Amino acid sequence: MSPVSPNPASIVIGGASILGGETADILIRDGVIAGIGQDLSGDETVDARGLIALPGLVDLHTHLREPGREDAETVESGTRAAALGGYTAVHAMANTSPVADTAGVVEQVWRLGQEAGHCDVQPVGAVTEGLAGERLAELGAMADSAARVRVFSDDGKCVSDAVLMRRALEYVKAFDGVVAQHAQEPRLTADAQMNEGAVSGRLGLTGWPAVAEEAIIARDCLLAAHVGSRLHICHVSTAGSVEIIRWAKSKGWDVTAEVTPHHLLLTDDLVEDSPVGAYNPIYKVNPPLRTREDVHALREALADGTIDVVATDHAPHPVEDKETEWAAAAMGMIGLETALSVVQEAMVETGLLDWAGVAERMSYAPARIGRLAGHGLPLTVGSPANITLYDASVRREVDPWSYASKSRNTPYEGRALPGRVVATFLRGRPTVLDGKLA
Amino acid sequence: MAEAIPHAHAQAHAVLEGPDINRALIRISHEILERTKGGENVVLLGIPTRGVHLARRLAGHIRQFEGRPVPVGSLDITMYRDDLRTKPARPLGRTELPSDGIDDRTVVLVDDVLYSGRTVRAALDALNDLGRPRAVQLAALVDRGHRELPIRADYVGKNLPTSKSEIVKVYLEENDGRDAVLLLKEDSE
Amino acid sequence: MKRHLISAADLSRDDALLILDTAEELAKISDRSIKKLPTLRGRTVVNLFFEDSTRTRISFEAAAKRLSADVINFSAKGSSVSKGESLKDTALTLEAMGADGVVIRHSASGAPYRLAGWVRGSVVNAGDGTHEHPTQALLDAYTMRRRLGSLEGRRVTIVGDVLHSRVARSNVLLLSTLGAEVTLVAPPTLLPVSVASWPCEVSYDLDTVLPKSDVVMMLRVQRERMNAAFFPTEREYSRRYGLDRERFARLKDDAVVMHPGPMNRGMEIAAEVADSPRSTIVEQVANGVTTRMAVLYLLLGGADLGGGDQ
């Protein structure tokens with residue numbers, strides 16, 4: 001690939017396969033797509049033959065850990081990881097320290113993203129003060145702030161109080177917001193360690209039953225319908241949840257849902273038997289890894305549109321929080337730099353999705369749900385030039401030490417995954433070239 | 001104790017056949033009676049596996065000659081070996097002492113092959129933890145030399161000069177379906 | 001044998017029989033005036049107890065000492081662990097001391113697996129959370145074998161809080177390996193949801209199972225389970241699942257009663273039953289030492305396997 005100067009007047013991406021279909025050149029000028037066609041010319045050319053051009057990816061669920069846990073991740077390191085994973089925008093979850101429950105904190109995170117410049121950072125606001133599940137946070141102030149918050153979530157904790165959830169759903173209608181629910185009935189999951197099933201029974205680990213997720217999803221779908229508001233469901237993990245969401249959508253209710261890459265690929269038996277040993281907390285995540293049947297149902301649901309979005313739930317943790325006994329370990333996995341590869345393996349190579357379908361679920365839909373302007377737009381003339389170039393033909397072994405994230409807690413270490421993000425453009429400016437930060 | 005399983009290419013020749021073994025054991029029985037004044041206070045302790053069979057045969061002969069039984073038992077020396085760390089942990093043999101014990105008795109240890117002497121050393125340590133015999137003697141069907149410790153046998157069926165590369169294999173009816181002592185020479189390939 | 005003993009599932013039938021046969025031989029040691037063997041001289045066994053269990057620690061300590069191993073007792077209370085030192089740092093400390101064997105008791109299920117990844121010595125699980133307690137299962141099997149002979153085809157009934165019991169998990173695995181037919185009896189709240197996939201039968205009704213049982217093993221019921229609504233009251237639990245005199249009278253004549261201890265007399269087991277000659281509860285303690293000697297000998301008494309099974 002030829003070098004690209006920092007601020008060229010125009011760039012031509014030459015010979016990329018648009019959404020995996022026809023091959024064309026893409027001319028970028030002044031940060032927007034100025035032309036798509038054959039034999040276009042510009043000041044600089046990026047040879048993209050053999051690569052797939054996708055709209056810049058949008059993550060609806062990222063933990064950047066700043067402020068508070070800068071040892072695990074910062075906005076700077078997390079957005080580098082995002083750019084390397086093909087993302088041009090990420091939604092930064094609210095469970096920081098202090099919690100992003102005021103206009104001040106969300107604006108701070110938003111500014112840190114602007115300064116880092118690797119991708120846009122759209123803060124998510126907390127639903128309740130301090131994620132405590134007791135009183136609504138100042139949702140309107142966050143919506144009106146410079147960060148223009150539209151997604152509200154207590155992610156990491158469930159808004160389990162039915163009245164509070166109802167009020168939140170009602171209240172955000174005033175500014176077209178959405179409540180993204182972490183569906184986990186707390187009493188059914190006290191001390192829960194992993195999916196409740198045959199494996200948890202054998203391993204003597206307290207179970208996290210599917211019903212604890214499904215019960216909340218059912219309740220919240222009914223609440224959203226009752227008050228006529230938008231509901232988004234974070235990291236759906238069970239076949240039963242899929243059934244409930246399918247039913248809610250069939251009623252025409254405004255319910256959307258996301259699935260993480262790891263729930264599309266990994267199962268709970270890895271806790272018992274894996275190359276990295278039994279009880280290795282690298283597989284500890286919330287919601288937990290489920291069964292083969294659940295993975296199958298989630299893939300089907302993502303393919304048929306029941307689940308709208310793939311969201312990473314990128315959750316960095318320092319080594320010492322994972323090199324412990326299972327019960328003491330932190331829950332979560334990093335995912336920004338492997339998401340597209342995992343989706344290729346789980347969805348594209350299985351024939352469930354084509355690349356246009358991937359664009360819908362990893363770019364258009366998340367931007368739409370997050371009401372995020374300037375992202376998730378089709379690759380057409382006039383769109384902001386947010387573009388990801390992807391080589392789907394390679395296969396590489398995952399090496400966590402090569403990642404830009406500050407943390408190494410990937411469950412894919414040593415596993416070979418397909419594909420590689422070659423370049424990412426944010427409003428025409430390359431943030432990644434040749435698979436490295438530009 | 002018998003040696004390892006013979007090499008596939010080893011050439012074997014019989015040093016003792018069934019009748020020879022029987023004669024040797026009868027002679028040893030007489031010698032034990034002579035040396036212990038008619039077998040008074042004697043306890044025969046075989047070292048598993050084949051030493052136990054030999055001890056039982058000796059006891060049988062002695063009973064025949066003297067008309068009274070001699071206490072027989074077995075003494076497993078596995079836990080006292082000095083080469084435990086050279087192999088995975090070995091299964092234990094049985095230790096069965098006669099009901100009257102070994103205190104103030106003349107214990108005759110019985111083994112099939114006397115070689116380095118390390119087995120006997122281990123047996124002496126084991127005996128020390130089990131009681132206090134008046135005297136300890138040693139009977140071996142074959143003494144093949146190459147001692148590594150200051151140990152000698154009181155009763156020997158056959159002195160068999162060997163080289164260290166050779167293997168002495170003892171077969172006994174009770175264990176192997178036939179009586180024989182074989183000397184196996186490794187093929188020089 | 002594998003290098004570590006963490007789960008009863010680590011043991012093949014041959015391994016398990018070898019341990020029981022070895023224990024049988026070693027039992028004679030306790031009848032001698034000198035109850036000591038030189039076998040593990042120069043080897044170091046660390047008892048790493050993150051959870052209080054004087055009984056189990058003493059049993060392992062006696063076993064290691066009878067084999068002449070050097071024993072280091074490391075309990076979490078009053079040590080650096082209570083100051084927040086991680087299991088990994090503790091493991092590295094043990095490694096520096098040159099532990100040949102580490103006996104670990106921990107409140108977290110799976111902690112021995114993590115430890116085994118960080119130390120070179122053999123790891124013996126002395127109870128991890130609600131996962132397993134394989135040496136308890138071995139001593140139980142040893143005790144049953146002494147009373148009943150072979151375990152092949154014998155009916156063993158395990159009664160009580162299976163959900164939280166490491167003893168039950170290890171016993172189900174080991175006893176099925178040894179050919180016994182295990183039935184678990186408990187209120188449904190105290191059984192894992194997936195118990196149907198275990199190699200055993202399940203019943204909610206003690207009275208139908210008792211008359212055909214050769215062995216009845218009563219598990220300890222923690223009183224705090226009552227507060228978590230696993231059962232309504234102690235009295236109701238005791239009435240439905242306790243081994244009282246009436247139930248005891250309906251057992252087969254040669255059936256034995258076991259309990260891994262410590263017992264709640266009057267709760268899961270009546271005092272007269274616990275003290276009856278058909279109860280093996282005192283034997284179980286003595287058999288613990290010889291069984292653990294057998295395990296330590298077979299894991300540490302030979303050549304350093306250096307992770308050969310991994």
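**Domain organisation and chain contacts in the predicted model**

In this predicted model, an unreviewed UniProt entry places the feature "domain: Phosphoribosyltransferase" at residues 14-173 of chain B. Across residues 14-173 of chain B, helix accounts for 31% of the chain and strand for 25%. The C-alpha atoms at the two ends of this span are 15 Å apart.

For chain C, an unreviewed UniProt entry assigns the feature "domain: Aspartate/ornithine carbamoyltransferase Asp/Orn-binding" to residues 153-299. This span of chain C is 38% helix and 14% strand, with its end C-alpha atoms 29 Å apart.

The domain assignment of chain C yields domain 1, made up of 8-132 + 286-300, and domain 2, covering 134-280. A distance of 26 Å separates the C-alpha centres of domain 1 and domain 2 of chain C. Contact between these domains involves 23 residues of domain 1 of chain C and 19 residues of domain 2 of chain C. On the domain 1 side, two or more residues are contributed by each of helix H1 (13-26), strand E4 (122-128) and helix H12 (281-300) of chain C. The residues on this side of domain 1 of chain C comprise 10 nonpolar, eight polar and five charged.

Contact also occurs between chain A and chain C, with 18 residues taken from chain A and 21 residues from chain C. On the side of chain A that touches chain C, helix H5 (residues 198-203) of chain A gives the most, contributing three residues. The chain A residues on this side divide into eight nonpolar, six polar and four charged.

How values were computed:
Residues numbered from 1 in each chain as written. Chains lettered and ligands numbered in written order. Predicted model: local features only at pLDDT ≥ 70, side-chain atom pairs only at ≥ 80, totals over all residues. Domains from an automatic or database assignment. Contact = placed C-beta atoms within 7 Å. Helix = DSSP H or I, 4+ residues; strand = E, 2+ residues; numbered from the N terminus. Nonpolar A, V, L, I, M, F, W, Y, C, P; charged D, E, K, R; others polar. UniProt positions renumbered as here; feature names shortened; annotations may be inferred.
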